[in-house]
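This report describes the strand architecture, the ligand site and some backbone features of one protein model. The sequence and structure come first, and the description follows.

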Amino acid sequence: MEQLNTEVVLSGVRFRNPVIPASGTFGFGQEFTRYYDLNLLGGISFKGTTIEPRFGNPTPRIAECQAGMLNSVGLQNPGAEHVRDVELPALRKIFNGPLIANISGFSEEDYVRAVEILTGAEQVALLEINISCPNVRHGGMAFGTSPEAAAAITRAVKKVATKPVYMKLSPNVTDITAIAKACEDAGADGLSLINTLLGMRIDVRRRRPVLANKMGGYSGPGIFPVALRMVYQVTGAVRIPVIGMGGVSTARDVIEMMMAGARAVQVGAANLVDPLACRSIVEALPEEMASLGIHALSEIERVS
Ligand code: SIN
């Protein structure tokens with residue numbers, strides 16, 4: 001087969017392919033090493049990290065749905081210092097590609113402090129600032145549903161970041177382009193979208209919500225058309241690069257997301273259904289490219 005080029009570049013950072021496991025679906029990579037060599041991945045976005053360790057929400061915090069799942073994990077993580085001192089050195093032994101540090105917070109100061117701790121880590125290539133978690137009462141999505149709040153977090157983080165800053169946006173808004181433009185105007189280097197859609201299930205026999213937190217974020221193949229539409233709208237409204245995500249589960253989905261304007265793609269819920277999902281997607285990319293007459297992924301143009 002002809003040599004095909006899967007490399008993509010985001011804010012000057014080279015990724016060997018555009019396939020990146022999404023934050024919260026891949027931990028810090030360790031559990032997946034028993035299935036495949038992580039070095040075939042384009043990059044890894046690691047579990048959303050906050051300044052303090054967090055146990056997360058009460059269980060049950062997962063609910064299955066027909067075309068995906070709900071989660072209300074609540075940002076369980078070991079805290080920024082532990083991630084820098086323990087998780088990242090361990091991850092370096094199993095993965096030599098670029099890392100995306102996914103960072104969450106409950107106040108502007110939280111985000112700034114966590115960025116200060118993680119921005120200097122050598123393997124961290126990009127910072128992904130999560131202003132879109134639907135599973136926490138304060139902060140999280142509250143910052144990502146107001147253009148002013150999104151801009152304020154962007155500006156605060158940009159002051160201390162030494163790596164490109166990508167703001168991770170919520171789909172739970174009327175006009176995602178307004179939030180995207182506010183982040184761009186405030187200095188964001190790029191955007192990641194979409195996070196999960198707020199949803200709910202009820203256990204009809206017990207007559208109560210399935211999730212202890214009542215509501216959670218819906219992800220999986222069912223949200224792919226919604227994610228694609230939002231990526232298309234946002235890439236039509238801003239000039240900064242966009243990482244597209246939401247229900248991506250095949251190599252063809254990756255290419256479709258790139259035709260909507262995404263520069264790279266994250267794969268989330270698919271990792272929880274099949275731990276080999278990202279490997280399968282990476283391996284299927286060349287054949288999919290060949291069948292569509294695509295020689296280099298970086299040459300894919302956004303459809304008009
Ligand atoms: C969570 O930990 O609750 C999921 C993270 C997110 O949806 O941003």
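## Sheets, ligand site and backbone

In this predicted model, eight strands make up an open sheet whose order is 3-16-15-10-9-8-7-4, and the pairing within this sheet is parallel. Its edges are formed by strand 3 (19–21) and strand 4, each of which pairs on one side only. Within the sheet, strand 9 (residues 165–168) and strand 10 run parallel and are joined by three bridges, and in this pair methionine 167 of the one strand stands opposite leucine 191 in strand 10.

Another open sheet contains four strands in the order 5-6-14-11, and here the pairing is antiparallel. Strand 5 (62–65) and strand 11 (197–200) are at the edges of this sheet, and because each has a single partner strand, one side of each is left without a neighbour in the sheet. From one strand to the next, the twist averages 40 degrees.

The pairings along this antiparallel sheet can be followed strand by strand. Strand 5 and strand 6 form a hairpin, with two residues between them, and they pair in the antiparallel sense over four bridges; isoleucine 62 has asparagine 71, in strand 6, as its bridge partner. Strand 6 (residues 68–71) is in turn joined to strand 14 (residues 215–219) by three bridges, and these two strands also run antiparallel. In this second pairing, methionine 69 stands opposite serine 219 in strand 14.

The ligand sits in the largest pocket. The residues around the ligand are Lys47, Asn71, Val73, Gly74, Leu75, Asn130, Cys133, Pro134, Asn135 and Asn195. Asparagine 71 thus appears twice in this description, as a residue around the ligand and as the bridge partner of isoleucine 62. Three side chains that place an N or O atom, or a polar atom, at a short listed distance from a ligand oxygen are given in the table.

| Side chain | Ligand atom | Distance |
|---|---|---|
| Lysine 47 | oxygen | 2.8 Å |
| Asparagine 130 | oxygen | 2.7 Å |
| Asparagine 135 | oxygen | 2.8 Å |

On its own the ligand has 260 Å² of accessible area, and the protein covers 90% of that area.

Some features of the backbone also deserve a description. As a background, most residues other than glycine have a negative phi, and most peptide bonds are trans. Where, then, is there a cis peptide bond that involves a proline? Threonine 59 and proline 60 are joined by a cis peptide bond, with omega at about -5 degrees, and proline 60 belongs to the loop between strand 4 (44–45) and strand 5. That loop therefore runs from an edge strand of the parallel sheet to an edge strand of the antiparallel sheet, since strand 4 pairs on one side only and strand 5 has a single partner strand.

A cis peptide bond also leads from leucine 193 to isoleucine 194, where omega is near 15 degrees. Isoleucine 194 has its place in the loop between strand 10 (190–193) and strand 11; strand 10 belongs to the parallel sheet of eight strands, while strand 11 belongs to the antiparallel sheet of four.

Serine 11 is not a glycine, and yet its phi is positive, at about 50 degrees. Serine 11 is found in the loop between strand 1 (8–10) and strand 2 (13–15).

Note on methods:
Residues are numbered from 1 along each chain as its sequence is written. This is a predicted model: local features need pLDDT of at least 70, side-chain atom pairs count only at pLDDT 80 or more; totals for chains, interfaces and linings use all residues. Side-chain values use heavy atoms; hydrogens and water are left out. Two strands pair if DSSP finds at least two bridges between them. Axes are lines fitted to C-alpha atoms, for helices over the stretch in contact, and angles run from 0 to 180 degrees between N-to-C directions. A residue is near a molecule or strand if one of its heavy atoms lies within 4 Å of it. A polar contact is a pair of N or O atoms within 3.5 Å; within protein, one must be able to donate a hydrogen and the other to accept it, and residues adjacent in sequence count only if both atoms are side-chain atoms. Accessible areas come from the Shrake-Rupley method with a 1.4 Å probe; for residues, only the protein chains shown count as cover. On a 1 Å grid over the protein atoms alone, a cavity is a set of points where a 1.4 Å probe fits but cannot get out, and a pocket is an open set with protein on both sides within 12 Å along at least five of seven lines; lining residues have an atom within 4 Å of a point. A molecule sits in a cavity or pocket if more than half of its atoms lie within 2 Å of its grid points.
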